[in-house]
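Could you walk me through this complex in my viewer, one selection at a time? I would like to know what to pick next and what I will find there.

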Amino acid sequence: MVFSSILFMFIYLPVVLALYYLSPLKWRCVVLFVVNLIFYGWGEPVYVSLMIFSTVVDYVLGMLVNKYRANDKKARIFVLCSVVINLSLLFFFKYIDFFITNLAHIPAFSSLKPLGVSLPIGISFYTFQTMSYTIDVYRNDSPVQRNIIKFGDYVSLFPQLIAGPIVRYKDVAEQLNEREHSVEKFASGVQRFVVGLAKKVLLANNIGMLWDVYKAMPAEELTTLGAWLGIIAFSFQIYFDFSGYSDMAIGLGRMIGFEFLENFNYPYISKSITEFWRRWHISLGTWFREYVYIPLGGNRKGTLRTFLNIFIVWAITGFWHGASWNYMLWGIYYAILLMIEKAFLLNWLKKAPAFIAHIYTLFLVVVGWALFAIEDLGSCLTYVSAMFGGGAGFTNPTVSYYFMSYLPSLIIMAFASTPLGVKLMNRLPVKSRQIAIPVLIAFVLIISTAYLVDATYNPFLYFRF
Amino acid sequence: MKRQKISSLIQVILFLAFIGGFFIINLLTPDRTFSEAENRMLEQAPKFSLDSLFSGKFTTSFETYITDQFAGRDGWIGLKSFVELALQKKENNGVYLGENGTLLTRFEKPDQKRLETNIGAVSKFAGGIGVPVYFSLIPSSTEIWADKLPKNAPSVDQHELIKDLYLRSGANNVDTYSALYEHRDEYIYFRTDHHWTPLGAYYGYRAFAEAMGFKPSSLDSFTPNTVSENFYGTTYSSSGIRSVEPDKIVIFVEDYEGLSITNYTTGSAEEGVLYDYSRLETKDKYSMFFGGNTPLLQIKTGHEGPKLLIIRDSYADAFIPFLFEHFSEIHAIDLRYNKSSVRDYIAEHGIDEVLISYGLSNFVSDANVFLLGRQ
């Protein structure tokens, strides 16, 4: 189930909120677990068993880690079990066919056939969450959870189940037992949800149609300007799609008392690639820093080792985004950029005029999206080469048509990629703000509903991950 | 502080009233079976079974169901297209909003494989059937009225496509394109429907007369008769754009004593009509011609002349009436609903001439034209 659907907004959510707030405090964790499973099982009921499996396994392993805390060797084995089981699940469901099809190129394995396993939604997110639990318990960063239902709530929590943010166990450990519910918190959740809804339904889906046009355009019609227009459209689409989804998750979390960490912080205003990755998909970056980069030694073991660690972490980060070579390439692209920045460029950028740093960053990020957006390596390279003059000329009338058609949308999105809107809002006198907010909420709800009812077009990009 | 709390409360109530309100309204409003505005059957409540749940069928059709049955659906769709146009978009759901409220469906690049199959079937048919075969492809309004399109709007060049297909048809090609293009300033297509108007069909008839070598009746010899001024057609439905004026339907050929029509709409022979006026009360007003889509029409005109078979789509409905005075019998087969052998039919009914007549977009996408190529 996705948030931006009639089903979620007008059936699931009202029913869940009613059940949640009408049931006594004690029972809320049970209600939550049941509705989480319904949310998850809606598309693929079979995979509910996977969710329950993950819950039970990591619950037991967490208890064992805690029990054998005194015996570090044993405790480590249980942590390792958790990591291996989670990664195996992820490997089997997400990557097995990728490896099979690639192995099949080798004569000895040419008889291998892809298994055609369908990807359980959100598996990339929740396996990372459950791993963080056993590791956090082992590191004494958080207490063990003795109530399996409450642990199940953590694993399957519907707001962030399928597209993050990736919530580390230690960040919500206390909230699982006790949360604050208040009108103010609920209202801020509503605001956040509505912001996310607008980003997803009104901005991302809209500009996504422009990207669809260019993604499908045959090479002989793809001009330089057209290729840039297309990939800029994708850059906006993926940002508003994903950050909109995170906003909705955070908003929904607040409606049921949870407080999640932020996942995006206006990434497109960054002045370096290093800064971009501190502002983009923050929860993933944090996860990799905490559970991979630092355990590898981080930057404490000399320059060479630091660079190697960066390379490893970013190759995996890329691969995490999808079982295809282009994601790996995209990760390595960033590894190289980050190394260059670490070596010298970051210092230069600090001294350079701000607009140069902005252009530098946006240029590289947008080129990066071209590597990300097209899975087939051949088509991907054709597209990138068109961006740099290797296409069918500089421009054509079709580009003018689409540019003019989407110009107002592009301007709105450029504005919405910056904090200016929030700043303006905060400048308003309190009284006007108290009028403006409900008006905006009503406006977004009504227009979004119109788009959802006309839902011939509502794909959701982050299902693959 | 208190003020802040009231303000928060207002937001919460607003949100809950919206989602909860529509939840309840949707429960209370009865389901509709058909959408007039969209001209299609709406999804109905799916039956629950464990099988359909685990195959994913249940959940998918449930989501379509609640979206189709959402209270005030038509209004929401109109609102969406209004917002799109306000954002300076020139199109919605693949339909351009052209000058004078003209809705023009974007002509997408045809599927090359399908196109090869279809034109191959025509050429095979024309080469081996033993009677003269005429071939007419009717461009869509998007091509003939290209000057009404939004500036630079992309659409495939249908003239090139027709020229290419004509080179390979192996039949006597009818220059319908030029006939329509010459009269592009007239009301030859509906503004809200993908068909040509009877006036457009009249120019198509002139092109066909020229190809076959008979003398067409002049336009003056007909008395135009406006039968509807309130026609919203298929492009109106698919575009979702609601801010356009309806079309008029003006017919030219009058019904007459001695015209005998047999229609096989239901699969067996029934007495048919030239104009089914009851259709003017429905959404699909274009189906007034012969009562709409049918597998087979057999018309005895009462006039002298050869027997004509038309292999056709719905464009022919507005076109056939003009042919009455030139043929003794007219037979019309729609391959979408009639899979029987055309070859046998020709032999059985002593057909003298064949016309293959399609709207271009139907011809390049239809999955049944290959039937012509069968031995």
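Start by selecting S409(A) and showing its neighbours: leaving aside residues up to four places away in sequence, S409(A) touches L87(B) and K89(B). The serine sits in helix 17 of chain A, which spans residues 397-416. Is S409(A) buried or exposed? With a relative accessible area of 4%, S409(A) counts as buried, because the cut-off for that label is under 20%. Keep in mind throughout that you are looking at a predicted model.

**The contact between the chains**

Now widen the selection to everything in contact across the two chains. You should have 48 residues of chain B and 50 residues of chain A. Together the two chains bury about 4400 Å² between them, and 71% of that area is on carbon and sulfur atoms. Colour Q11(B), F15(B) and F18(B) next: these supply 15% of the area that chain B buries against chain A, more than any other three residues.

For the charged side of the picture, select K109(B) and E221(A). Their side chains meet in a salt bridge, with N to O at 3.2 Å. The count between chain B and chain A is two salt bridges, and there are 10 residue pairs in polar contact, counting pairs with both residues at pLDDT 80 or more.

Which helices of chain B each supply at least two residues of the side that touches chain A? Select helix 1 (2-28), helix 2 (50-55), helix 3 (57-68) and helix 4 (73-86) of chain B to see them. Helix 1 of chain B gives the largest share of that side, 17 residues. Recolour the side of chain B that touches chain A by residue class, and you will find 26 nonpolar, 10 polar and 12 charged residues.

**Salt bridges inside the chains**

Move into chain A and select E290(A) with R168(A). Their side chains form a salt bridge at 2.9 Å, N to O. E290(A) belongs to helix 12 (residues 282-293) of chain A, while R168(A) is in the loop between helix 7 (158-161) and helix 8 of chain A, so this pair ties together parts that are 122 residues apart in sequence. Both E290(A) and R168(A) are buried. Add D141(A), K170(A) and D171(A) to the selection, and you have a network of salt bridges that links these residues with R168(A) and E290(A).

While you are here, show helix 8 (residues 169-177) of chain A. Its buried residues are Y169(A), V172(A), A173(A), Q175(A) and L176(A). These pack against helix 5 (123-138) and helix 6 (148-156) of chain A.

Next, pick R192(A) and D247(A), whose side chains meet in a salt bridge at 2.8 Å, N to O. This pair links distant parts of the chain, 55 residues apart: R192(A) is in helix 9 (residues 183-215) of chain A and D247(A) in helix 10 (residues 224-255) of chain A. Both of these residues are buried.

For an example within chain B, choose R73(B) and D68(B). The closest N and O atoms of this salt bridge are 3.9 Å apart, and R73(B) and D68(B) are both buried. A search of the whole structure finds 26 salt bridges over all chains.

**A buried phenylalanine in chain B**

Centre the view on F231(B), in strand 8 (residues 225-231) of chain B. F231(B) is buried, with a relative accessible area of 1%. Not counting residues up to four places away in sequence, F231(B) touches F190(B), T192(B), D193(B), P246(B), D247(B), I249(B), K283(B), K285(B) and Y286(B). Add L280(B) and draw a distance between C-alpha atoms: F231(B) and L280(B) are 49 residues apart along the chain, and 8.3 Å separates them.

**Last stop: confidence**

Finish by colouring everything by pLDDT. Chain B averages 91, with 98% of its residues scoring at least 70. Among the elements of chain B, strand 2 (residues 40-41) has the lowest mean pLDDT, 72, and strand 6 (residues 133-138) the highest, 97. Chain A averages 90, and 98% of its residues score at least 70. Select residues 457-465 of chain A, where the pLDDT is below 50; this stretch has 47 contacts in the model beyond near neighbours in sequence. Where pLDDT is low, the predicted coordinates should not be read in detail. For the model as a whole, the scores are ipTM 0.89 and pTM 0.86.

Notes:
Residues numbered from 1 in each chain as written. Chains lettered and ligands numbered in written order. Heavy atoms only, no water. Contact = heavy atoms within 4.5 Å. Buried area = accessible area lost by both parts, 1.4 Å probe. Salt bridge = Lys/Arg side-chain N within 4 Å of Asp/Glu carboxyl O. Polar contact = N/O pair within 3.5 Å; in protein donor to acceptor, adjacent residues only side chain to side chain. Helix = DSSP H or I, 4+ residues; strand = E, 2+ residues; numbered from the N terminus. Nonpolar A, V, L, I, M, F, W, Y, C, P; charged D, E, K, R; others polar. Buried < 20%, exposed > 50% of the residue type's maximum accessible area, 1.4 Å probe, protein only. pLDDT = per-residue confidence, 0-100.
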